Amino acid sequence: MNLNNILNKEKINKDDICILLNLKDYESIEKVRLKAYNLMLKYVGEKVYLRGLIEFSNICVNDCFYCGIRKSNNNIKRYTLTNEEILESALWAAENGYGSIVLQSGERNDEQFINKLVDIIKEIKDKTISDTLPNGLGITLCIGEQSYKTYRKLFEAGAHRYLLRIETTNPELFKKIHPPKQTYERRVECLHLIKEAGFQLGTGVMIGIPGQTIEDLANDLEFFRIIDADMIGMGPFIIHSDTIYQKMYDTYDIEKRRIYELSLLMIACARIYLKDVNIASTTALQAMYPVGREMGLLFGANVIMPLLTPTYVRSQYQLYNGKPCIDEFSSECYDCIINRIKSINRPIAYNEWGDSPHFNKKR
Ligand code: SF4
């Protein structure tokens, strides 16, 4: 089927997605981008929503093979921010017009950790209520696999969105990049528990995992539809030097350009296929290409997550090598992001939660 026919369809299918993801020439990719951009305008609007990202702890009980902060990496200094430090970053976000923040950390399931989080969520909600933010800052959590009871506790404390990437929906590939203790089945179960607990659900995958096929990526998009995700956060697979993938650096360098291109095509296909979800243009895109995040927005994304983590610990939170913005202050990140968004003529949604229309429709 020719490209125009696919792009003119009301609903594309998995075979169509494979054809779109296989495109390599500039003209065809530009057609896909334009289609995705117009659907973005129609279904979620042109505004870009800001989610201030606070990476509050790099301690993790897991050992994902690709991750720079996995528990067996002894080359990093572990940290956990105090509640005062987290609150300070959150207040800064509220004062500067960010409608929402993301609290992200490595995974911990102990009571002390969860109780700390419950306390800080309540405090942030309490202290950020104002005329401009009548319900306080929107809070998204990204702290991994937890029990239903924990998810519910965190939701009741005031967080209302949760991100948990499936990473890949190919169970065999999932097995290859995780130790046996971390299973695909449990990850899927947690995604259901997150929804049952009341959260808006965010998930996503890495693009360019060694051994991943175009069909796997098309299946990933199909999975997002079936699980009924409200938010999507996908990023290129980038090698961290303290992982088993280090030896693949040479081949990775050759494939880098294609992984970047595929990451943008995945954003566009997610927009064309799912239409009204929120899609993040992730920092990892910028790690691959200096204007990667702007390109993500031009391919149909509508969310950006500027770093709010205090500068003195940023270098200790690197899931992959080459993460940008690690030496900057929050105010510098803010100016930089605002200018990047302005450079592509997109308005910024100040003081708005920006929940996905997909979720709002279900209420
Ligand atoms: S990807 Fe997440 S869960 Fe896995 S080791 Fe890294 S921080 Fe921990």
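Reader: What makes the contact between helix 2 and helix 9, residue by residue?

Author: This is a predicted model, and in it Lys-14, Ile-17, Cys-18 and Leu-21 of helix 2 meet Ile-214, Glu-215, Leu-217, Ala-218, Leu-221 and Glu-222 of helix 9. Sorted by class, that contact comes to 7 nonpolar, no polar and 3 charged residues.

Reader: Why is helix 2 called oblique to helix 9?

Author: Helix 2 covers residues 14-21 and helix 9 residues 214-227, and they pack at an angle of about 130° with axes 9 Å apart. Angles over 145 degrees count as roughly antiparallel and 65 to 115 as roughly perpendicular, so about 130° fits neither and the pair is oblique. Their crossing is right-handed.

Reader: And how do you know that helix 5 and helix 6 are roughly parallel?

Author: The angle between helix 5 and helix 6 (residues 148-157) is about 20°, and their axes lie 8 Å apart. The cut-off for roughly parallel is under 35 degrees, so this pair qualifies. Helix 5 passes helix 6 in a right-handed crossing. Helix 5 brings Ile-114, Leu-117, Val-118, Ile-121 and Lys-122 to the contact, while helix 6 brings Thr-150, Lys-153, Leu-154 and Ala-157. By class that gives 6 nonpolar, 1 polar and 2 charged residues.

Reader: What angle do helix 4 and helix 5 pack at?

Author: Helix 4 (residues 83-95) and helix 5 (residues 111-127) pack at about 35°, with their axes 10 Å apart. The crossing of helix 4 and helix 5 is right-handed. From helix 4 come Asn-83, Ile-86, Leu-87, Ala-90 and Leu-91, which meet Lys-116, Asp-119, Ile-120, Glu-123, Ile-124 and Lys-127 of helix 5. That contact has 6 nonpolar, 1 polar and 4 charged residues.

Reader: What makes up the shell around the ligand, by class?

Author: The shell has 5 nonpolar, 3 polar and 2 charged residues. Cys-60, Asn-62, Cys-64, Cys-67, Ile-69, Arg-70, Gly-106, Glu-107, Gly-144 and Leu-319 are the residues around the ligand. Since Cys counts as nonpolar, Cys-60, Cys-64 and Cys-67 go in that class, whereas Gly counts as polar, which puts Gly-106 and Gly-144 there.

Reader: Stepping back, how do you know that the radius of gyration of the chain agrees with a compact globule?

Author: For 363 residues, a compact globule would have a radius of gyration near 21 Å, and the chain has 19 Å, so the two agree. Along the principal axes, the C-alpha atoms fill a box of roughly 55 × 45 × 40 Å. The chain holds 15 helices and 10 strands.

Notes:
Residues are numbered from 1 along each chain as its sequence is written. This is a predicted model: local features need pLDDT of at least 70, side-chain atom pairs count only at pLDDT 80 or more; totals for chains, interfaces and linings use all residues. Axes are lines fitted to C-alpha atoms, for helices over the stretch in contact, and angles run from 0 to 180 degrees between N-to-C directions. Helices (H or I, at least four residues) and strands (E, at least two) are DSSP runs, numbered from the N terminus. A crossing is left-handed if the near helix is turned anticlockwise from the far one by less than a right angle, and right-handed if clockwise. Two residues are in contact if their C-beta atoms, placed from the backbone, lie within 7 Å. A residue is near a molecule or strand if its C-beta atom, placed from the backbone, lies within 6 Å of it. The radius of gyration is taken over C-alpha atoms; the globule rule is 2.2 Å times the number of residues to the power 0.38.
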